[in-house]
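Here is a short report for a reader meeting this protein for the first time. Look over the sequence and the model, then read on.

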Amino acid sequence: MSFLKNLFTSKPKYVHVEPGGEEFEVPGGQTILEAALAQNIPYPHDCTVGTCGSCKTLLTEGRVRALNDFGYTLSQDELAAGYILACQALPKDEITRVKLENPATEGVEPEDFEGRVAATEPLTHDIVKLTVALDRPLHYIAGQYANIKVPQVGRERHYSFAQPPLKDGRDEVSFFVRKIPGGAFTEALFAGEYDCQALVVNAPQGHFHLRQGDGPMLCIAGGSGLAPVLALLEAARKNRVQRDCVFLFGARTQADLYCLDRIREVEQGWKGRFEFHPVLSEEPEDSGWAGKRGLVTEHVAASLPDADWSRVQGYMCGPPPMIDAGIHAMVELGTPLPQIYHDKFTDESHGAKHENA
Ligand SMILES: Cc1cc2nc3c(=O)[nH]c(=O)nc-3n(C[C@H](O)[C@H](O)[C@H](O)COP(=O)(O)OP(=O)(O)OC[C@H]3O[C@@H](n4cnc5c(N)ncnc54)[C@H](O)[C@@H]3O)c2cc1C
Ligand code: FES
């Protein structure tokens, strides 16, 4: 009886957003993101299904119910610090206060571009460079990603630009795509089914890019996560950024390393100290590999032995477990969470499912 009474007399719920100060009502059953967008309040977002992390928000007051567990897209450290995903959060209290770290729009607004697969070129046994020709030049910030949609696979997939942008935009863009066993998009791509394929590219997306600062940078990439990290480093080198930088690149064996020539070019042209360390987790003991071994995130502490970790900025992209471990290692050493920027290459196996996936 009291449940029915509460249902019919429940008070309206409001969300207050900092730093902009917007306040809006969230009708019953709507997420914070849905309510904001329905009321034309800009709110950072992309996938709306809890996988991309674009709507990551700090909850500063009130409680929310998660439609889908935040814990695949957000790390344990982010959850403990109070971060939520606005696209999966239903407010429970009359007033909920949240704080945004990423502005709703950064750089240019995303648009649809008509594209065609121009080339696929193997980089390793399970990573290809996918080149897409576009109907007009596309502008983006190094580190951002695109949503790619082919008619055969209803839901769009996210892929990070693997080159720095050009001043007049790029009418041909490239991505590093890793084959995911059982994956609808990547299995067909690797089977050659998308040669000359028409597709829609919605871009630019995301908030992973170089931030201002003069402290050291620690970059960590795993697998195809090299794409945005390399684009970011190449752009920084071109812009003569002068900061200490350590770059850890995690792979299984020597056969999984690629684009080493491009990384060496960054190293040679970098203004400041630059260290590059490939780290191999499954390289045979007797292979003669003299470099670092183990999981890439096990090398975080030793990568900047004399650093004041509260000044370090982290830039990491790749598989979810690597990102979670990388964030944890940096937080333990004293880096504030807001200084750790990442794109976690989540996939559909954990997010909320779309009807047409
Ligand atoms: C911000 C961002 C940037 C990214 N950038 C890159 C990049 O630069 N390069 C890159 O390679 N990847 C990137 N990704 C990952 C990429 O978007 C795709 O998720 C990935 O390529 C898999 O796509 P797919 O269609 O092949 O697999 P999917 O069809 O999405 O399947 C992925 C896995 O989930 C399983 N699965 C699918 N549906 C279900 C279901 N209903 N129930 C259970 N399991 C299911 C599949 O068997 C498979 O194991 C990025 C992801 C994000 C969020
Ligand atoms: S918009 Fe919320 S996780 Fe993508």
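## Exposure and a surface pair

A residue counts as exposed when its relative accessible area is over 50%, as buried when it is under 20%, and as partly exposed in between. Lys167 has a relative accessible area of 74%, so it is exposed. Asp168, at 58%, is exposed too. These two residues form a salt bridge, with their closest N and O atoms 3.8 Å apart. The model is predicted.

## Three domains

How is the protein divided? Domain 1 covers residues 2–100, domain 2 covers 111–205, and domain 3 covers 217–344. Taken over C-alpha atoms, the centres of domain 1 and domain 3 are 33 Å apart.

## Where domain 1 meets domain 3

Nine residues of domain 1 contact nine residues of domain 3. About 740 Å² is buried between these two domains. Carbon and sulfur atoms give 49% of that area. On the domain 1 side, Tyr72, Ser75 and Asp77 lose the most area to domain 3. Together they account for 54% of what that side buries.

What polar links cross this interface? Four residue pairs are in polar contact between domain 1 and domain 3, counting pairs with both residues at pLDDT 80 or more. The number of salt bridges found across the interface is zero.

## The nonpolar cores

In soluble globular proteins, nonpolar side chains tend to be buried together. Here, the largest nonpolar core has 41 residues. Which of its members touch the most others? They are Phe24, Ile32, Tyr43, Leu218, Ile220, Met316 and Met330. Several elements give two or more residues to this core. The strands are β1 (14–18), β5 (83–85), β7 (95–100), β14 (217–222) and β15 (245–251). The helices are α2 (32–38) and α8 (320–333). Helix α8 gives the most, with five residues.

Why does this core lie between domain 1 and domain 3? Both domains give residues to it, so it lies between them. Another core lies apart from this one. That second core has 32 residues, including Met217, Ala221, Leu226 and Cys259.

## Salt bridges

How many salt bridges does the structure hold? The count is 17. One of them joins the side chains of Glu111 and Arg136, at 2.6 Å from N to O. Glu111 lies in strand β8 (residues 111–122) and Arg136 lies in strand β9 (residues 127–138), so the pair ties together parts that are 25 residues apart in sequence. Are these two residues buried or partly exposed? Glu111 has 39% relative accessibility, so it counts as partly exposed. Arg136, at 29%, is partly exposed as well.

Glu275 and Arg273 also meet through their side chains in a salt bridge, at 3.0 Å from N to O. Glu275 is partly exposed, with a relative accessible area of 26%. Arg273 is partly exposed at 34%. Elsewhere, salt bridges link four residues in a network: Asp126, Arg178, Arg252 and Asp256.

Conventions: Residues are numbered from 1 along each chain as its sequence is written. Chains are lettered from A and ligands numbered from 1 in the order in which they are written. This is a predicted model: local features need pLDDT of at least 70, side-chain atom pairs count only at pLDDT 80 or more; totals for chains, interfaces and linings use all residues. Side-chain values use heavy atoms; hydrogens and water are left out. A nonpolar core is a set of buried Ala, Val, Leu, Ile, Met, Phe, Trp, Tyr and Cys residues joined through side-chain atoms within 4.5 Å. Buried means under 20% relative accessible area, exposed over 50%, partly exposed in between (1.4 Å probe, protein chains only). Helices (H or I, at least four residues) and strands (E, at least two) are DSSP runs, numbered from the N terminus. Domain bounds come from an automatic or database domain assignment. Contact means heavy atoms within 4.5 Å. Buried area is the accessible area (1.4 Å probe) that two parts lose on being put together, summed over both. A polar contact is a pair of N or O atoms within 3.5 Å; within protein, one must be able to donate a hydrogen and the other to accept it, and residues adjacent in sequence count only if both atoms are side-chain atoms.
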